[in-house]
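User: I am new to this protein and would like a short tour of its fold. Could we start with the sheets?

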Amino acid sequence: MPKTSLHAANLAANARHNAVGTMTLDPTPSGIAIVLARMASALHWYLDHRDSQSVTAFGYQATVGRLYVARNGQLTAGTLNARIAQAARHAGIDFADMLDWGNGGELLIEPVIVNVNATFGETDVWHAEMMIMRHIMQEGLAKQSLRWVAIGASSVCCVNCSGWMSKYAVHHAPPAQRGDAPTRSWRHPSSQTVTAYGQGGVEYYLARGQQSLGVT
Ligand SMILES: [Zn+2]
């Protein structure tokens with residue numbers, strides 16, 4: 001529900017940040033998130049030579065056996081599948097470990113790879129983890145089934161991403177620590193509202209079809 005005051009936006013943000021670390025971690029899926037994070041790091045830093053201005057994330061949805069990749073910046077599609085296979089090797093990953101989790105994996109030899117950037121459009125203000133979450137929800141996965149998703153990122157997830165994913169029991173790595181400072185701006189994966197932070201908490205809030213609250 002879009003907020004109508006900065007105060008309400010701050011309360012929502014605080015609730016999200018406080019959700020960090022509350023997720024019950026089942027050892028197997030969180031192991032998958034760690035594996036995905038290793039692979040995201042290999043693709044981001046080692047193979048694509050990107051810097052800390054952007055983040056690469058992998059997601060795995062166990063109910064359909066799909067592997068998602070997203071970057072909040074340029075992600076060249078050319079040779080992507082080959083680079084992912086290379087990243088997996090570099091990170092010492094066996095896809096079979098992932099495919100054992102959930103219902104969708106049994107018949108698959110390797111996951112179907114989905115390049116989220118190919119259909120996402122503007123990636124500005126989006127965090128890579130939330131691009132994947134939005135894409136998966138747009139494919140029709142209900143929020144109560146998001147526990148069948150694991151996300152791994154090339155940098156530590158921020159408190160907003162980590163808090164939101166914890167709320168929906170999305171296994172993710174590396175998770176934020178409670179009390180981490182939020183990044184400057186963040187976009188909510190379902191409402192697409194933009195929240196920007198300053199010293200005093202939420203200083204700017206923009207919901208679709210509404211006037212912005214505060215100033216950037
Ligand atoms: Zn984030």
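**The two sheets**

Analyst: In this predicted model, five strands make up an open sheet with mixed pairing, in the order 3-2-1-4-5.

User: Which strands are at the edges there?

Analyst: Strand 3 (112–115) and strand 5 (171–173) are the edge strands, and each of them pairs on one side only. From one strand to the next, the twist averages 15 degrees.

User: How many bridges join strand 4 to strand 5?

Analyst: Three bridges join strand 4 (residues 149–153) to strand 5, and these two strands run parallel. Within that pairing, Gly152 has Ala173 in strand 5 as its bridge partner.

User: What about the sheet in the order 6-7-8-9?

Analyst: That one is an open sheet of four strands with antiparallel pairing. Strand 6 (185–187) and strand 9 (213–214) each have a single partner strand, so one side of each is left without a neighbour in the sheet.

User: How many bridges does strand 8 share with strand 9?

Analyst: Strand 8 (residues 201–206) pairs with strand 9 over two bridges, in the antiparallel sense. Tyr205 stands opposite Leu213 in strand 9.

User: Which strands does helix 1 lie across?

Analyst: Helix 1 (residues 6–18) lies across strand 7 (194–198), strand 8 and strand 9. Its direction is at about 110 degrees to strand 8.

User: Changing topic, what does the whole protein come to in helices and strands?

Analyst: The secondary structure comprises seven helices and nine strands. Of the 216 residues, 43% count as buried. Among contacts between residues at least 6 apart in sequence, 67% join residues at least 24 apart.

Technical notes
Residues are numbered from 1 along each chain as its sequence is written. This is a predicted model: local features need pLDDT of at least 70, side-chain atom pairs count only at pLDDT 80 or more; totals for chains, interfaces and linings use all residues. A residue is buried if 20 or more other C-beta atoms lie within 10 Å of its own, exposed if 12 or fewer, and partly exposed in between; C-beta atoms are placed from the backbone. Two residues are in contact if their C-beta atoms, placed from the backbone, lie within 7 Å. Two strands pair if DSSP finds at least two bridges between them. Axes are lines fitted to C-alpha atoms, for helices over the stretch in contact, and angles run from 0 to 180 degrees between N-to-C directions.
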